[in-house]
Amino acid sequence: MTNPLVDTFDRVHDNLRISVTDRCNIRCFYCMPEDDVKYMPREEILSFEELERFARVAVSLGVTKLRITGGEPLVRKDLPLLISKLAGIPGVTDIALTTNGVLLAKHAQALYDAGLRRLNIHLDTLDRERFLRITRRDDLDKVLEGIAVAQRLGFGPMKINAVAVKNLLEPDLVPLARFGRENGIEIRFIEFMPLDAQGIWARNSVLTASEMIETLSREIAPLVEIPDGDPRAPATEYRFADGIGRVGFIASVSRPFCLNCNRIRLTSDGKLRYCLFAIEETDIKTLLRNGAPDEEIAATIRATVHQKWIGHEINSSQFVAPPRPMYAIGG
Ligand code: SAM
Ligand code: SF4
């Protein structure tokens, strides 16, 4: 067994997020601009063979968990084929997909057949008008159908991601949590992060985990922290005291969890990032396309992890937002 991927703060990295596209079929305002989206030229996007090769090298260094993301990963043609290639790499113990769910009903069976079970579906509201306002597309019914189809097929555990923007998400908090309780789905509320393409993020636009916990505890049932969760998972999990359902909070802004971070990220154009908020990135695509041997790619992954900083500084005056917005990094 080779040495694990450890950074200078003794954090072991076993989790790789792979973005398969920067394209998206909706336009969430906290991620993408409404018009004139600048997509990467197609030839810059890594092929399935390149993605699989990179994943194999990363797995040889101790990565065991893979998450496919984007942009919207389901707009990438033949995605189930990539999933089955990745699921077949010896050493991969967990593979998950983050999707906005719009194309899920169409592709759920093929994804299931390819070996995928874990799904995070992004949904901020159950109200059609509000969905349209947030995503600038009228696709709520498709997302709800996708969730229902995935449940019928037996995907699980399934989670719903909602972005917690202040003065926006409040009316959806309780309905989403109730929807999760009724359908056996954990809702994960993600604090709004400064990764939007239009530069609208501000500290006072974040609906914090503690504000949400207070509201849900008051309106539904008291929330009780689940202490024995994975300490390296980004979400803090809570159960409702009445025994029905649970929710999670990804409090990246109000309670950063950088000290437990185990993740690296590959962008769809082949750049390796040690942090969502990293300014610098490592060019893997050139190595892959210029015939670099696996050993050189492995050494480059190690060197990138070695450069990793202690954490983002969203809460400091020195914070600088990364040059890529969320859809071009892969959340
Ligand atoms: N399109 C897929 C989706 O929406 O789930 C995958 C990519 S998306 C960039 C990944 C996740 O990032 C989404 O689930 C969304 O909740 C989250 N996200 C996007 N912009 C965000 C922001 N500015 N702050 C916090 N989370 C954000
Ligand atoms: Fe698309 Fe996901 Fe960004 Fe929304 S959050 S615009 S669904 S990439």
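Guide: Contact here means heavy atoms within 4.5 Å. Keep in mind that this is a predicted model.

Visitor: What makes H1 and H9 a contact pair?

Guide: Arg 53, Phe 54, Val 57 and Ala 58 in H1 meet Asp 294, Ile 297, Ala 298 and Ile 301 in H9. By class, that contact splits into six nonpolar, no polar and two charged residues.

Visitor: Why are H1 and H9 called roughly perpendicular to each other?

Guide: Start with the value: the axes of H1 (residues 48-60) and H9 (residues 294-306) come within 10 Å and cross at roughly 65 degrees. The class "roughly perpendicular" covers 65 to 115 degrees, and H1 and H9 therefore get that label. As for handedness, H1 passes H9 in a right-handed crossing.

Visitor: Over to the sheet. What makes S7 and S12 the edge strands?

Guide: The open sheet of twelve strands has the order S7-S8-S9-S6-S5-S4-S3-S2-S1-S10-S11-S12, with mixed pairing. Strand S7 (223-225) and strand S12 (282-283) each pair on one side only.

Visitor: And how do you know that S1 and S2 pair?

Guide: Pairing takes at least two bridges. Five bridges join S1 (residues 15-19) to S2 (residues 65-69), and the two run parallel. One bridge partner in S2 is Arg 67, which goes with Arg 17.

Visitor: Last stop, ligand 2. Which residues surround it, and how do they divide by class?

Guide: Around ligand 2 sit Cys 24, Ile 26, Cys 28, Cys 31, Met 32, Gly 71, Asn 100 and His 122. Cys counts as nonpolar and Gly as polar, and the shell comes out as five nonpolar, three polar and no charged residues.

Definitions and conventions. Residues numbered from 1 in each chain as written. Chains lettered and ligands numbered in written order. Predicted model: local features only at pLDDT ≥ 70, side-chain atom pairs only at ≥ 80, totals over all residues. Heavy atoms only, no water. Helix = DSSP H or I, 4+ residues; strand = E, 2+ residues; numbered from the N terminus. Near = heavy atom within 4 Å. Axes fitted to C-alpha atoms, helices over the stretch in contact; angles between N-to-C directions. Parallel < 35°, antiparallel > 145°, perpendicular 65-115°, else oblique. Left-handed = near helix turned anticlockwise from the far one by under 90°.
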